[in-house]
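Here is a short tour of one protein chain and its ligand. Have the structure open as you read.

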Amino acid sequence: MKILDRIDSPQDVRKLTLDEKKLLASEIRQYILEVVSKKGGHLASNLGVVELTIAIHTVFDTPIDKVIFDVGHQSYVHKILTGRKKEMMSLRELDGLSGFPKKAESEYDVFDTGHSSTSISAALGLARARDLCGEKNRIIAVIGDGALTAGMAFEALADAASSKTDIIVILNDNEMSIEKSEGGMAQALSKARTKPLYTNSNRIIKSAVLKVPKIGPFIVKVVRRLKHILKQIFIPNMLFEDMGFTYLGPVDGHDLEKLESMLYRARDLKGPVLIHVLTKKGKGYEMAERDPDLYHGVGPFDLSEGIKHKDELDYSAVFGKKLVELAGKDKKICAITAAMTSGTGLTAFKEKYPERFFDVEIAEQHAVTMASGLALGGMRPVVAIYSSFMQRAYDQLIHDVALQKTHVIICLDRAGLVGKDGATHNGLFDLAFARIVPDLTIMAPKDFRELEDMLEVAIEYFDGPCIIRYPRGKEEKKFDSLNEIERLKEKKAEVLCEADSGIVILAIGKMVYRALIVKDILIKKGVDATIINVSFIKPLDEKTILRYIKGAHLVVTMEDETVIGGLNEAVESMMSKYTIQAKTLAIAYPDAFIEHGDIDMIEERYGLDQESIARKIFASYQE
Ligand SMILES: Cc1ncc(C[n+]2csc(CCOP(=O)(O)OP(=O)(O)O)c2C)c(N)n1
């Protein structure tokens, strides 16, 4: 019988001997490889934290002691150890286990994560609540070196340090964000990695000096006074110590014995403690160790063959290619990413124009404000960000870009539903939050070609801030629209087909092609529809739209967004401005957080598949 078969909770882990736990670690690695190669998910990060997670659940009294996993993509081991071993086979499926910690899933999941760098803030809040309630449990935040690059993590560290409360921050340093960690924090950590272990050497020196007859204790006293000087010599990481943390480490994150003893020491210390743990991303699966960024987030793949590089075109790749082309002609174009170079399609740009490429690490807010500075300095910055991560930089969009009318182009990748990563990663709110920002142009392309044209027009012909939002994956259909640049320069919508049935469908992005399919279904039911590709959510091309909706019977809006604040509201407020009486129907996601799973299945659940849409339109038309 495998040891893993005997593990239903951390209590079972605590009963194991060290050797059994080492075996358990290798069984867990095998299981994760089996699950993720079948289901897809985050692989390399989970393989790297197997021993660390076992040690945490051994040393701390979870769930009374509370552990928060930053980002949460590395929580699979934690899920396996906390009673969800079997459910791992439903990982990231609709109604299955989430790929991130979820309070609703388990009492061991303390805080829902997904976006990076929230763990220390949440842990500090829990620690303060514990103190105020007179309780005694331990609060632990597990944060990667990548996640530590975000401003929010620094804000929390500073607050935690000055709070003097008991809180443990475990820094999981694998020298990788999704790509190799770079920047000032990476440099500081790399210095710390190469220096001797402070806590061990400090203890050893102290006990040796104490043994010196008569003058030993005196020396220790003097030495205490000279602590600051000693610190300079022995403490590998002044940054954390100077802030007010007790720094322990670095410790080998794959040596269970050392890890456990370090965690026991941290557990019994007072005040804020930071443990620096060194791990290897992808540990135990050679291909992932060699290429951890490729194995960060994966789809299903063959374990013996590994992931094959596929050169399939998706929106990110089309964006990246076009930007490289434009940057060849226009030396002022700069590209900015917040730790998502390959995800946003910017790898080729980085290689071709390194001096105009800026990876600011997980710092979306800084990315947007820095872009505004670049624009003020005469450059043409293009910031590529996933729609959901842009939520971080909302104030920067308003205050640092739109208010100052700087010519910053923000390309929102993964707009709409993302599927398996679920609620934290869905890009369903960008229209709602961006639409109310004055002086902002917001576009959504129906296919690759329109994305390329929008990018060119936004950079070369528009002035002031622009957003282009596009979905994950491939285009639904290649349209044969011609001379798009001229139309887009005038911020015009595109009438794709006209009908005199009184049904007008206004669609954006990937919903444009769906509108055409819906029209075919409707025709079979005996009604036709006019279809307009809106292209500009802001400013709406009122002239064109008005021409078709005046006198219409039913105006349908189709968007891959939440129903609040997006295209539907824009059209409805325009209709009320011009007192257009037509009935309206919103095809959009409800005012709710949409769960993880296969995109087709989620669309069906919320009535956004072609059949459901056609049914709704037909019913509404007949009412
Ligand atoms: C706000 C935000 N921006 C970007 C991401 C995408 N992202 C997920 S994991 C990750 C890297 C995290 O690196 P690290 O914390 O070191 O964890 P590791 O995967 O190396 O264990 C990034 C950039 C995110 N989840 N949240």
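## Starting at E450

Keep in mind that this is a predicted model. A good place to start is E450, which sits in helix α21, the stretch covering residues 448-460. Is E450 buried or exposed? Its relative accessibility is 0%, so E450 counts as buried, the cut-off for that being under 20%.

Who keeps E450 company? Setting aside neighbours within four places in sequence, E450 is in contact with A444, P445, E484, R487, L488, N533 and S535. With one of these, N533, there is also a side-chain to side-chain polar contact of 3.1 Å.

## How the chain divides

The domain assignment splits the chain into domain 1 (4-180 + 252-298), domain 2 (315-487) and domain 3 (493-622).

What does the meeting of domain 2 and domain 3 look like in numbers? On the domain 2 side, 38 residues are in contact with 35 residues of domain 3. Take the C-alpha centres of domain 2 and domain 3, and you find them 25 Å apart.

## The ligand and its shell

Now for the ligand. Its surroundings come to 23 residues, and the closest are S45, H73, G146, M176 and E364. By type, the shell breaks down into 8 nonpolar, 11 polar and 4 charged residues. Where does the ligand lie relative to the domains? Both domain 1 (4-180 + 252-298) and domain 2 (315-487) give residues to the shell, so the ligand lies between them.

Some polar pairs are worth clicking on. G146 uses a backbone N or O atom, 2.7 Å from an oxygen atom of the ligand. For N174, a polar side-chain atom is 2.9 Å from a ligand oxygen atom, and for D145 an N or O atom of the side chain lies 3.2 Å from an oxygen atom of the ligand. How much of the ligand does the protein cover? On its own the ligand exposes 580 Å², and the protein buries 97% of that.

## A stop at D413

Last on the tour is D413, found in strand β11 (residues 409-413). D413 has a relative accessible area of 0%, so this residue is buried.

Leaving out neighbours within four places in sequence, D413 is in contact with S316, G343, T344, I385, Y386, S387, Y470 and P471. For a sense of scale, pick S98: D413 and S98 are 315 residues apart along the chain, and their C-alpha atoms are separated by 22 Å.

Note on methods. Residues are numbered from 1 along each chain as its sequence is written. This is a predicted model: local features need pLDDT of at least 70, side-chain atom pairs count only at pLDDT 80 or more; totals for chains, interfaces and linings use all residues. Side-chain values use heavy atoms; hydrogens and water are left out. Helices (H or I, at least four residues) and strands (E, at least two) are DSSP runs, numbered from the N terminus. Buried means under 20% relative accessible area, exposed over 50%, partly exposed in between (1.4 Å probe, protein chains only). A polar contact is a pair of N or O atoms within 3.5 Å; within protein, one must be able to donate a hydrogen and the other to accept it, and residues adjacent in sequence count only if both atoms are side-chain atoms. Contact means heavy atoms within 4.5 Å. A residue is near a molecule or strand if one of its heavy atoms lies within 4 Å of it. Accessible areas come from the Shrake-Rupley method with a 1.4 Å probe; for residues, only the protein chains shown count as cover. Ala, Val, Leu, Ile, Met, Phe, Trp, Tyr, Cys and Pro count as nonpolar, Asp, Glu, Lys and Arg as charged, and the others, Gly among them, as polar. Domain bounds come from an automatic or database domain assignment.
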